[in-house]
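Hi everyone, thanks for making time for this. Please have the sequence and the structure open while I talk.

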Amino acid sequence: MQYAVGAPLPPPRGPLHTQGAGMSMNWTPHPGQPHPPGAPHAPAVPPPPPAPPAPAAPGQGGWPAPAPHQAPPTAPHTNPPAAPHPNPPAQHSGDITGHVQLPPGALVPVPSNAAPDAAHAAVAVLLIGPAGAGKTSVARHWADTRRVPTAHISLDDVREWVRAGFADPQSGWNDNSEAQYRLARRTCGFAARNFLANGISCILDDAVFPDRPVVGLGGWKRHVGPGLLPIVLLPGLEVVLERNARRSGNRRLSDEEVARIHGRMAGWYGSGLPIIDNSQHDVATTVRALDEVVARSLASPPSW
């Protein structure tokens with residue numbers, strides 16, 4: 001193509017930069033559609049980038065399975081620890097009584113640091129004897145006068161917690177009365193373990209027969225623990241009959257029953273257990289004798 005001299009040249013086919021009053025324009029002509037010179041034109045907007053291809057399902061097209069979401073690690077707490085409370089609250093749970101963790105039903109021996117001193121040691125004593133021997137009175141007075149916390153647990157009292165349906169042994173020893181006896185003994189044993197675990201001594205009283213293993217020492221040892229100290233309180237028959245006559249209610253037995261029980265208790269002689277004959281002793285004198293026996297038993301535990 002030829003152009004006449006002096007004729008204006010056609011616009012170039014490249015970008016056109018026109019400086020105007022504060023305006024800059026970029027124009028790229030589209031093939032076949034030339035933009036008229038001098039016409040206003042909006043800046044070209046670049047097309048958006050193509051969207052990335054959607055990942056294939058795991059196992060398709062060689063794409064790996066997406067990694068599971070993991071929470072970002074938590075930064076360690078930087079605040080200084082709080083000062084311990086001078087009196088922290090007690091932690092309570094199903095196996096805690098008071099402030100001491102209770103054993104999970106296991107046997108609780110006498111504390112190993114117990115000194116052989118009947119007036120101060122934490123012990124568990126089982127006072128054995130026939131009806132009318134004074135077991136309850138002596139046990140209660142012994143618990144009242146000790147210098148360390150001591151509890152008294154009476155098997156007869158626990159048995160009589162059953163009101164309606166109480167199986168009175170005076171009406172005959174049968175399966176029902178034996179079942180209630182076992183239940184009361186197990187309840188007393190749990191209470192004794194609980195007291196011992198909290199540093200409280202205890203004395204239990206029961207008419208344990210030496211010729212009846214079913215209701216003998218084995219159950220007490222199993223329920224309280226091997227540290228239990230059995231001591232027999234055995235006055236003469238005349239004294240037992242006189243004391244039984246002063247009783248009332250279901251605690252009073254017939255003379256024949258008292259004599260029969262007393263005769264069976266004589267089997268404790270030769271058993272190796274310590275025996276206190278309190279026929280001529282009042283309660284206070286018997287308690288002093290009990291202190292002496294407990295001290296000897298702590299120094300040299302009896303074999304039973």
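**Two cysteines and a sheet**

Let's begin with Cys188, which counts as buried because its relative accessibility is 1%. Keep in mind that we are looking at a predicted model.

Now, which cysteine sulfur is closest to the sulfur of Cys188? That would be the one in Cys202, 9.8 Å away, and this is too far for a bond. Remember that a disulfide is a covalent bond between the sulfur atoms of two cysteines. The cut-off here is 2.5 Å between the sulfur atoms, so the pair does not qualify. Seen from the other side, Cys202 is in no disulfide either, with the sulfur of Cys188 as its nearest cysteine sulfur. By this rule, the number of disulfides comes to zero.

Is Cys202 buried or exposed? Cys202 counts as buried, because its relative accessibility is 0%.

Next, let's turn to the strands. Strand β7 covers residues 201–206 and runs parallel to β6, with five bridges joining the two. One position to find on your screen is His152, which stands opposite Ile203 in β7. Strand β6 itself, residues 150–154, is mostly covered, with four of its five residues buried.

How many strands form the open sheet? There are five, in the order β6-β7-β5-β8-β9, and the pairing is parallel. At the edges sit β6 and β9, the latter at residues 275–276, and each of these pairs on one side only. As a general reminder, strands of a sheet pair through backbone hydrogen bonds, either parallel or antiparallel.

That's my tour, so thanks for listening!

Note on methods
Residues numbered from 1 in each chain as written. Predicted model: local features only at pLDDT ≥ 70, side-chain atom pairs only at ≥ 80, totals over all residues. Heavy atoms only, no water. Buried < 20%, exposed > 50% of the residue type's maximum accessible area, 1.4 Å probe, protein only. Pairing = 2+ DSSP bridges.
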